[in-house]
Each structure stands twice: as C-alpha cells, then as structure tokens.
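Please look through the sequence and the model shown here before reading on, and keep both at hand while you follow the report.

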Amino acid sequence: MQEEDDFAPRRFLRARDHNIDKAPAMLLKYLSWKRTAKPHGSITDDEVHVELVQEKLYMQGFDEKGRPLVYLFLARHFPAKRDLDEFKRYVIYILDNTCTRLRTGQEKFAVVGDLRGWGYANCDIRAYVAALDIMQSCYPERLGRVLLIHVPYVIMAAWKMLYPFIDDKTKEKFVFVAGSWDLDATLRDSIDESQLPKEYEGRLELRGYNDLSPPSSSN
C-alpha cells in the first residue's frame, strides 16, 4: 500500500515536528497496529459491506492540486445502524483505497464533507473520534484539506466535543464554508468543473458501491 512508500518515515517525522525520538515511536506503533488491524494486508469489501452499501462516501475526482478527492455525505451516517469495529475497518478501507489513487509526487488527499440534512440522529462522536485517531496516528500527513459545506448550526456542539481530539496540524486543514456564494466560489476555485459532482453544478457523475460492485451475495 502507498501509505508505506519511501516517504513514509518522512511523513511520520513531519507529524512529530521532526522530533527524532517521537517520530520512530509513532512509526513503530503504527506497524504494530497494522498487524492487528490488517492481518491479511488489506480490508476486503465483504468486511465492510454494511458500511459500503449506505453510500455515504465517494472516492472520485481530483482537486486543482492533483489531490484525490473524497466526497462525504454525513447525513447518511446513523450511529444506530453501525457496528464500531466495522466502522473502523471502513475508515481503514477508505484511507487505503484513497492512498492508491495518489499520483506520483502527491502524498495528500482532500475531502469535501457535505452536512446538508445532518441532525442529532447522525451525531456519532465515538465514530468521529475513532476515525480521527486512525487518520492522525496511522496515516499522518496524508490529509490535505477538508471543506465542510452546508454546515448546520447544530453541528457546532459536536465540533466542540471533537475539537480536543484533533491535533493542531489537522485543525488547520478544516475549512467551514458559509453561504451559497462562498460555497460556489470555494468549490470552483479548488476543483475543476469536470471533477465537481453534478450535485454542485459540476459534470462528475458520482458512482457508489451499489453502482460499481453489487454485493457478492446477490451474484
């Protein structure tokens, strides 16, 4: 997997502000974690099938900096419907598959998180913290930027609970986009129309798991 390319030690070093004591410890902890989290080297579709069929996330397109994009629809996530262990595997599955889309010379990906329709029924602090921990501890310096759009006021209570779990480097990568004019300008400044989904007046047709790979049980 590309999370362990020749530049992996450099990313772990950057994540620990070039501290030569902390960076190796972080890398060794990751390698130990990997043996348990991915005993067979990767996560299969079948291991995260319940998460995949909900189609709350799409791995398509690239931004203007050549970073692979992840489009996330948070209102499609319901804590009552998820198993936390499977959710953690799903996070690993998404991060690994996103890393395989990295072009030569590019180490980071970008996220557009759409919160339209998000409410308390979607709030899942345990899952959010678990996802942040995996990304920050095991995929350091992979996240380039997160654009949060259609942000409802009620999300701020959840954000305040999450904030202490986000390291300073990651906090800087979150951008809250306010207003329809700012949304359109920000998206079009960051993403070419061909890579922008039709949901945002672009030309990209989002295709999820149910379109591309029907569950094996139906074959």
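The report below moves from the whole chain to its sheet, then to one helix, and finally to a few single residues.

## The chain as a whole

The structure is a predicted model, and its chain contains nine helices and five strands. Following the sequence from beginning to end, these elements appear in the pattern α-α-α-β-β-α-β-α-β-α-α-β-α-α. The radius of gyration of the chain is 17 Å, close to the 17 Å that the globule rule gives for 219 residues, so the chain is as compact as a globular protein of that length. Taken along the principal axes, the C-alpha atoms fill a box of roughly 45 × 45 × 35 Å.

Of the 219 residues, 47% count as buried, while the accessible surface of the chain comes to about 11700 Å², with 53% of it belonging to carbon and sulfur atoms. Among the contacts with a separation of 6 or more, 77% are between residues that lie 24 or more positions apart.

## The sheet

The five strands form an open sheet in the order 1-2-3-4-5, and their pairing is mixed. At its edges are strand 1 and strand 5 (174-176), each of which pairs on one side only.

Which strands pair with strand 3? Strand 2 pairs with strand 3 in the parallel sense over five bridges, and strand 4 (residues 143-149), which also runs parallel to strand 3, is joined to it by six bridges. Val 112 of strand 3 stands opposite Tyr 71, and its bridge partner in strand 4 is Leu 147. Ala 110 has Arg 145 as its bridge partner in strand 4.

Strand 3 is mostly covered, since six of its six residues are buried. Phe 109, Val 111 and Gly 113 point one way from the strand, whereas Ala 110, Val 112 and Asp 114 point the other way, and all of these are buried. Strand 4 has six buried residues out of seven, so it is largely enclosed by the rest of the structure.

## Helix 4

Helix 4 covers residues 84-99, which makes 16 residues, and its span from the first C-alpha to the last is 23 Å, close to the 22 Å expected at 1.5 Å a residue. At the start of this helix, a side-chain oxygen of Asp 83 comes to within 3.2 Å of the backbone nitrogen of Asp 85.

Why can helix 4 be called largely enclosed by the rest of the structure? The reason is that twelve of its 16 residues are buried; among them are Phe 87, Tyr 90, Val 91, Ile 92 and Leu 95, together with Glu 86 and Asp 96. What covers the buried residues of helix 4 includes three strands of the sheet, namely strand 1 (57-58), strand 2 (69-73) and strand 3 (109-114), as well as helix 2 (22-37), helix 3 (49-52) and helix 5 (125-138).

## Three buried residues

Gln 60 lies in the loop between strand 1 and strand 2. Its relative accessibility is 14%, and because buried means under 20% relative accessible area, Gln 60 counts as buried. The side chain of Gln 60 reaches the backbone oxygen of Glu 205 at 3.0 Å, and a polar atom of that side chain lies 2.6 Å from the backbone nitrogen of Arg 207. The residues that Gln 60 touches, leaving aside those up to four places away in sequence, include Leu 69, Tyr 71, Arg 101 and Leu 204.

Is Leu 196 buried or exposed? With a relative accessible area of 0%, Leu 196 is buried, although its place is in a loop, between helix 8 (180-190) and helix 9 (209-212). Not counting residues up to four places away in sequence, Leu 196 touches Tyr 71, Leu 187, Arg 188, Ile 191, Gly 202, Arg 203 and Leu 204. Tyr 71 is thus a residue that Leu 196 touches, and Gln 60 touches Tyr 71 as well.

Ser 190 belongs to helix 8 and counts as buried at 9% relative accessibility. With residues up to four places away in sequence left out, Ser 190 touches Asp 63, Glu 64, Arg 145 and Leu 147. Arg 145 and Leu 147 also appear in the pairing of the sheet, where Arg 145 is the bridge partner of Ala 110 and Leu 147 is the bridge partner of Val 112.

Conventions
Residues numbered from 1 in each chain as written. Predicted model: local features only at pLDDT ≥ 70, side-chain atom pairs only at ≥ 80, totals over all residues. Heavy atoms only, no water. Helix = DSSP H or I, 4+ residues; strand = E, 2+ residues; numbered from the N terminus. Expected span 1.5 Å × (residues − 1). Buried < 20%, exposed > 50% of the residue type's maximum accessible area, 1.4 Å probe, protein only. Contact = heavy atoms within 4.5 Å. Polar contact = N/O pair within 3.5 Å; in protein donor to acceptor, adjacent residues only side chain to side chain. Rg over C-alpha atoms; globule rule 2.2 N^0.38 Å. Areas by Shrake-Rupley, 256 points an atom, 1.4 Å probe, with all protein chains shown as cover. Pairing = 2+ DSSP bridges.
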